[in-house]
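I sat down with this one to look up the sheet, the aromatic rings and the core. Here are my notebook entries, in the order I made them.

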Amino acid sequence: TTNRYFVEFGVEDGKVCNSRRLRALGWNGLQMDPKEDNGPLIKKEFITAENVNGLFKKYGVPPAFDLLSIDIDGNDYWVWKKIEGYAPRVLVIEYNAAIPPTESRTVAYDPALRWEGTDYFGASLLALRKLSASKGYTLVCCDSRGVNAFFVQDELVPGKFLPPSVEAAYRPFGPPHVAPPHAPGKPWVSV
């Protein structure tokens, strides 16, 4: 770690999120969610590709920090793609395990997109791995439930570490994270 600073958006009430334990261990950071407003802990913000950099500036996020966690159930790929001037050492991002690891696609960008409780959300692990490579990050693993993918800045990856292939890192959805199929006609974008 360096400054023990985190940013996480999509924390809901903050009880089940990736930065909860870090806060308990004395880390500082920023948690945001469009539904919650918990004073100093959770800022009520709806994150889009257009406003993410402005929100980081508004809340004084340092240019380099230890952890960024993105879980907004929709435009995760597009928001990460637009983040500029900020370099988290580790990135945790939700991927859509309903999409096979051989496909590179994401939801079509819609700044007003909200999750409807179906499998129409986010991006495939392959799409995120491609984006990570363009931003200087290496896929190191996924959690066992098929929810989060973990990326580390390339320069922090030891030379002897052999990154897993997307197929090896991929994990299918595990209970309780099985979403029903979406309605026909929802647009996907190949990336």
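The entries below go from the sheet to the rings and then to the core.

**Entry 1: the sheet**

I noted at the start that this is a predicted model. I looked up the strand order and found an open sheet of 7 strands with mixed pairing, running β3-β2-β1-β4-β5-β8-β7. The edges are β3 and β7 (137-142), each of which pairs on one side only. Neighbouring strands in this sheet are turned by 20° against each other on average, ignoring direction.

Next I checked some of the pairings. β1 (residues 5-9) runs parallel to β2 (residues 28-33), with 5 bridges between them. I found Phe6 opposite Gly29 of β2. β2 also pairs with β3 (residues 42-44), again in the parallel sense, over 3 bridges. There I picked out Asp33, whose bridge partner in β3 is Lys44.

At the β7 edge I got an antiparallel pairing with β8 (residues 148-153), over 5 bridges. Here Leu139 stands opposite Phe151 in β8.

**Entry 2: helix α4**

What does α4 lie across? I found that this helix (residues 125-135) lies across β5 (87-94), β7 and β8, and that it runs at about 145° to β7.

I then listed its buried residues: Leu125, Leu126, Ala127, Leu128, Leu131 and Ser132. Their cover includes α3, β5, β6, β7, β8 and α5. Just after the helix comes Gly136, and I noted its positive phi, near 85°.

**Entry 3: aromatic pairs**

My search of the whole structure gave 12 aromatic pairs. I wrote down Phe56 and Tyr86, which are edge-to-face because their planes stand at 80°, with the ring centres 4.9 Å apart. Phe56 belongs to helix α2 (residues 52-58) and Tyr86 to the loop between α3 (76-82) and β5, so this pair ties together parts that are 30 residues apart in sequence. Phe56 and Tyr86 are both buried.

I also kept the pair of Phe121 and Phe173, which is tilted, at 6.2 Å centre to centre and 35° between the planes. This pair links distant parts of the chain, 52 residues apart: Phe121 is in the loop between β6 (105-107) and α4, and Phe173 is in the loop between α5 (166-169) and β9 (188-190). Is Phe121 buried or exposed? I read 3% relative accessibility for Phe121, so this residue counts as buried.

Looking beyond single pairs, I found Tyr5, Phe9, Phe56, Phe65 and Tyr86 together in one aromatic cluster. I added one charge over a ring: the charged end of Arg105 sits over Trp188, 4.6 Å from the ring centre.

**Entry 4: the cores**

Which residues touch the most other members of the largest nonpolar core? I got Phe9, Phe56 and Trp80, out of 44 residues in that core. The largest share comes from α4, which supplies 5 residues.

I followed Trp80 a little further. Leaving out residues up to four places away in sequence, Trp80 touches Ile70, Leu91, Ile93, Leu128, Leu131, Ser132, Lys135, Tyr137 and Phe151. I recognised Leu128, Leu131 and Ser132 from my list of buried residues in α4.

Last, I noted a second, separate core of 5 residues, with Phe6, Leu22, Trp27 and Leu67 among them. Phe6 was already in my notes as the residue opposite Gly29.

How values were computed. Residues are numbered from 1 along each chain as its sequence is written. This is a predicted model: local features need pLDDT of at least 70, side-chain atom pairs count only at pLDDT 80 or more; totals for chains, interfaces and linings use all residues. Side-chain values use heavy atoms; hydrogens and water are left out. Two strands pair if DSSP finds at least two bridges between them. Helices (H or I, at least four residues) and strands (E, at least two) are DSSP runs, numbered from the N terminus. Axes are lines fitted to C-alpha atoms, for helices over the stretch in contact, and angles run from 0 to 180 degrees between N-to-C directions. Contact means heavy atoms within 4.5 Å. Rings of Phe, Tyr and Trp (its six-membered ring) pair if their centres lie within 6.5 Å; planes under 30 degrees apart count as stacked, over 60 as edge-to-face and the rest as tilted. Buried means under 20% relative accessible area, exposed over 50%, partly exposed in between (1.4 Å probe, protein chains only). A charge sits over a ring if NZ of Lys or CZ of Arg is within 6 Å of the ring centre and within 35 degrees of the ring normal. A nonpolar core is a set of buried Ala, Val, Leu, Ile, Met, Phe, Trp, Tyr and Cys residues joined through side-chain atoms within 4.5 Å.
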